[in-house]
Amino acid sequence: MTSLPGGSDGSSGGSGDDGSATERQPTVCAGCGAQGEGPPPTWTCSVENGERRYFCDTCSRQNLRAIEGRLDSAWW
């Protein structure tokens with residue numbers, strides 16, 4: 001069985017939460033810091049050095065050529 005980092009496998013993890021109520025954390029744009037619920041379906045997701053990073057519509061549009069060229073966001 002594969003579990004997500006942070007104990008998202010449904011176990012209580014000793015925090016006193018019974019796991020019945022799932023609280024969603026806001027998704028933060030790795031470029032500008034904008035927040036969205038979800039991740040929003042129009043945002044871009046990039047995996048860099050094994051870490052998932054999300055970019056809002058504006059940052060994605062501004063860096064489209066770099067994204068298509070598969071450059072890490074550090075190069076933008």
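These are my notebook entries on a predicted model of a single chain.

**Entry 1. Overall layout**

I began with the secondary structure, which comes to 2 helices and 4 strands. Reading along the sequence, I get the pattern β-β-β-β-α-α. I then looked up burial: of the 76 residues in the chain, 20% are buried.

**Entry 2. Salt bridge**

How many salt bridges does a search of the whole structure find? I get 1. The pair is glutamate 48 and arginine 53, whose side chains meet at 3.0 Å, N to O. I checked the accessibility of both partners. Glutamate 48 has a relative accessible area of 6%, so I list glutamate 48 as buried, the cut-off being under 20%. Arginine 53 has 23% and is therefore partly exposed, since 23% lies between the 20% and 50% limits. Glutamate 48 also turns up in the pocket lining of Entry 3.

**Entry 3. Second largest pocket**

I took the second largest pocket next; its volume is about 150 Å³. I list its lining as Thr44, Cys45, Ser46, Val47, Glu48, Ala66, Ile67, Arg70, Leu71, Asp72 and Trp76. Which elements each supply at least two residues of this lining? They are β3 (44–48) and α2. The largest share, 5 residues, comes from β3. By residue class I count 6 nonpolar, 2 polar and 3 charged residues in the lining.

**Entry 4. Nonpolar surface patch**

I found a nonpolar patch on the surface, made by Leu71, Trp75 and Trp76, with an area of about 370 Å². Leu71 and Trp76 are also among the residues that line the second largest pocket. Where is tryptophan 75 found? I place tryptophan 75 in the segment after α2 (64–68). Its relative accessibility is 69%, and tryptophan 75 is exposed because the cut-off for that label is over 50%.

**Entry 5. Positive phi outside glycine**

I looked for backbone angles of interest and noted two residues. Asparagine 49 is not a glycine, yet its phi is positive, about 55°. I find asparagine 49 in the loop between β3 and β4 (51–55). Is asparagine 49 buried or exposed? At 79% relative accessibility I count asparagine 49 as exposed.

Arginine 70 is the other entry here: its phi is positive, about 60°, and arginine 70 is not a glycine either. Arginine 70 lies in the segment after α2, and its relative accessibility of 76% makes it exposed. Arginine 70 is also one of the residues lining the second largest pocket.

**Entry 6. C-alpha separations**

I looked up three residue pairs, comparing sequence separation with distance in space.

- Arginine 65 and tryptophan 76 are 11 residues apart in sequence, with 9.7 Å between their C-alpha atoms. Arginine 65 sits in helix α2 and counts as exposed at 75% relative accessibility. Tryptophan 76 I had already recorded in the surface patch and in the lining of the second largest pocket.
- Glutamine 35 and cysteine 56 are 21 residues apart along the chain, and their C-alpha atoms are separated by 8.4 Å. I find glutamine 35 in strand β2 (residues 35–36). At 57% relative accessibility, glutamine 35 counts as exposed.
- Threonine 58 and cysteine 32 are 26 residues apart in sequence and 9.0 Å apart in space, C-alpha to C-alpha. Threonine 58 belongs to helix α1 (residues 57–62). I have threonine 58 as partly exposed, because its relative accessibility of 44% falls between the 20% and 50% limits.

**Entry 7. Cross-check**

I went back over the residues after α2. Arginine 70, with its positive phi, and tryptophan 75, which belongs to the nonpolar patch, are both placed in that segment. On the strand side, β3 supplies 5 residues to the lining of the second largest pocket, and glutamate 48, which is in that lining, is the acidic partner in the salt bridge with arginine 53.

Terms used: Residues are numbered from 1 along each chain as its sequence is written. This is a predicted model: local features need pLDDT of at least 70, side-chain atom pairs count only at pLDDT 80 or more; totals for chains, interfaces and linings use all residues. Side-chain values use heavy atoms; hydrogens and water are left out. Patches are made of residues with over 30% relative accessible area and no salt bridge: like charges are joined within 9 Å, nonpolar side chains (Val, Leu, Ile, Met, Phe, Trp, Tyr) within 5 Å. Accessible areas come from the Shrake-Rupley method with a 1.4 Å probe; for residues, only the protein chains shown count as cover. A salt bridge is a side-chain nitrogen of Lys or Arg within 4 Å of a carboxyl oxygen of Asp or Glu. Buried means under 20% relative accessible area, exposed over 50%, partly exposed in between (1.4 Å probe, protein chains only). On a 1 Å grid over the protein atoms alone, a cavity is a set of points where a 1.4 Å probe fits but cannot get out, and a pocket is an open set with protein on both sides within 12 Å along at least five of seven lines; lining residues have an atom within 4 Å of a point. Grid points are joined across faces, edges and corners, and a volume is the space filled by probe spheres set on the points. Ala, Val, Leu, Ile, Met, Phe, Trp, Tyr, Cys and Pro count as nonpolar, Asp, Glu, Lys and Arg as charged, and the others, Gly among them, as polar.
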